[in-house]
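Dear colleague,

Please find the structure below, together with an account of what was found in it. I should be grateful if you would read the notes alongside the coordinates.

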Amino acid sequence: MLTTKEAQERAQNLVEMAMKSGADAADAFYSCDASLDVEVRLGALEGVGRSEGEDISLRVFIGQQSSTISSSNMNMQILTDLVDRALDMAKETPADEFAGLAPEDMIMRSDIPDLDCDDGGDPSPEALREIAMECEDAARAVSGVTNSAGAGMSAGRSIYALATSHGFTGGRTTSSYNSSVSVIAGEGDNMERDYAWRSARHLSDLEQASSIGKRAGERTVKRLNPVEVKSGNMPILFDPRVGASLVGHFVGAISGPAIARKTSFLLEKLGQQIFDSSVNIIDDPLRLRGLASRAFDGEGLPRARSSLIENGVLNGWLLDSASARQLGLKPTGHASLGGGISTTNVYIEAGALSVDDMMADIAEGIYITELAGQGVNPVTGDYSRGASGHIIRNGVIGEAVSEITIAGNLIDMFAAMRAANDLEFIRGTNVPTLRIDGMMVASG
């Protein structure tokens, strides 16, 4: 794998080749990923996999015409041909008045901060196998667990670099570690499956394997013997591992391309209060060791901490340069590497109440631990998804429920949302337990 400096040079060299060949502007993105994966099942090694790959993409502009092309072959003749093909393609594309690099006066000029996202580790397959075994052993030790779908442990390293023809060159390396396990409880027609996992940038930050396994086993056993639930409107609590999906719907609705195309249910909501005044949503790209930390965006603009929702109020859109030009605004540093919009370490701030206090007044409700299906309309905000979890009776989490449907509209759901105080920074998008009253629940 290349060093960060070498990766930057590779991207910069491709940009220079494009400019010498007649491009008016260009940028190039280089990435390389290497990973080692170990899988075990029922106490035995099932497989070991190692992979490594690299890719480079080039975007060229001839006036307002542009094209993007990529290659996984770094041979110099191949790259020379890549440049020629990109220019030929650009000449045949229609002009786009909003196309172009980011404004030159906004690109990152300062030193790129070290976000401590690479621990430099290179664990052996044997070390990863021991972690996976420990995770599965702990899950299988939970009373009621009868089988295993397997456990896995992976270690990876990634490097990427971006170069633009108007002066930006930057790169970074990251390490990543992932531990997961899935087990089965019950027998015959009464079987259930669940899982647990954790990820970290540093191996030393990864949750103990036995703790991950125990949680997977306990979650699985709790899903046994689901009961029927009557249909109707009731309060819903979203477990943090599924509540993050609600933030995903919100982020998609405030992305510049959706606003520019007028395909967002939040189109007319800028500057308005769309959440309860207790809700704040933050995007923090500079969190040390964050799973989604990035100091610069896909166009070379500096990323900075931003308040997407402040005291319930929508502060702005997430804009790359193209959507910003279309809307007559400035880009916000949310361009994705390779195109599109991306956020970083987004989270909903913790609320004041514990989970127990938050559900203390619920006579009957549902605690959701899993969602299924993609029944969300990004234009209208209509929301309908399959779900499973547990019934809440008189403020206490009770029996399992499965094969239910929860429905509402995201505008109403956001307005009714409340956050508990159990926020943990363990994912790319992090939320505490969330409560939304008045959602429709249907069984079967």
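How many nonpolar, polar and charged residues are there in the lining of the largest pocket? The lining comprises 8 nonpolar, 2 polar and 12 charged residues. Please bear in mind throughout that this is a predicted model.

**Pockets**

The largest pocket holds about 570 Å³ of space. It is lined by 22 residues, and those closest to its centre are Arg215, Arg219, Lys222, Asp239 and Tyr367. At least two lining residues come from each of β6 (190-200), α4 (209-222), α5 (240-253) and β12 (364-372). Strand β6 is the element that gives the most to this lining, with 5 residues.

The second largest pocket has a volume of about 480 Å³. Its lining numbers 24 residues, of which Arg59, Glu299, Gly338, Gly339 and Gly340 lie closest to the centre. Here β1 (25-41), β2 (44-62) and α7 (321-327) each contribute at least two residues. By class, the lining of the second largest pocket consists of 10 nonpolar, 9 polar and 5 charged residues.

**Helix α3**

Helix α3 covers residues 125-140, 16 residues in total. From its first C-alpha to its last it reaches 22 Å, close to the 22 Å expected at 1.5 Å a residue. Its buried residues are Leu128, Ala132, Met133, Cys135, Glu136, Ala138 and Ala139. An α-helix has 3.6 residues a turn, so residues three or four places apart point the same way. Among the elements that cover the buried residues of α3 are β1, β2, β4 (145-164), β5 (169-187) and α4. Strands β1 and β2 thus appear both in this cover and in the lining of the second largest pocket, while α4 appears in the cover and in the lining of the largest pocket.

**Strand pairing**

Strands β13 (residues 382-393) and β14 (residues 396-409) are antiparallel partners, joined over 10 bridges. Within this pairing, Ala387 has Ile404 of β14 as its bridge partner. The two strands form a hairpin with 2 residues between them, and Asn394 in the turn has a positive phi of about 50°. Strand β14 also pairs with β17 (residues 434-443), again in the antiparallel sense, over 4 bridges. In that case Thr405 has Ala442 of β17 as its bridge partner.

A separate point concerns the open sheet of 5 strands, which follows the order β10-β9-β8-β11-β16 with mixed pairing. Its edge strands are β10 (313-314) and β16 (429-430), each of which pairs on one side only. Strand β9 (residues 306-310) runs antiparallel to β10 and is joined to it by 2 bridges. Glu310 stands opposite Val313 of β10.

**Gly232**

Gly232 is located in strand β7 (residues 232-238). Is this residue buried or exposed? Gly232 counts as buried because its relative accessibility is 18%, and the cut-off for burial is under 20%. Leaving aside residues up to four places away in sequence, Gly232 touches Met439, Met440 and Val441. These three contacts fall within the residue range of β17. The C-alpha atoms of Gly232 and Asp361 are 18 Å apart, with 129 residues separating the two along the chain.

With kind regards

Note on methods
Residues are numbered from 1 along each chain as its sequence is written. This is a predicted model: local features need pLDDT of at least 70, side-chain atom pairs count only at pLDDT 80 or more; totals for chains, interfaces and linings use all residues. Side-chain values use heavy atoms; hydrogens and water are left out. Two strands pair if DSSP finds at least two bridges between them. Buried means under 20% relative accessible area, exposed over 50%, partly exposed in between (1.4 Å probe, protein chains only). Contact means heavy atoms within 4.5 Å. On a 1 Å grid over the protein atoms alone, a cavity is a set of points where a 1.4 Å probe fits but cannot get out, and a pocket is an open set with protein on both sides within 12 Å along at least five of seven lines; lining residues have an atom within 4 Å of a point. Grid points are joined across faces, edges and corners, and a volume is the space filled by probe spheres set on the points. Ala, Val, Leu, Ile, Met, Phe, Trp, Tyr, Cys and Pro count as nonpolar, Asp, Glu, Lys and Arg as charged, and the others, Gly among them, as polar. The expected span of a helix is 1.5 Å times one less than its number of residues.
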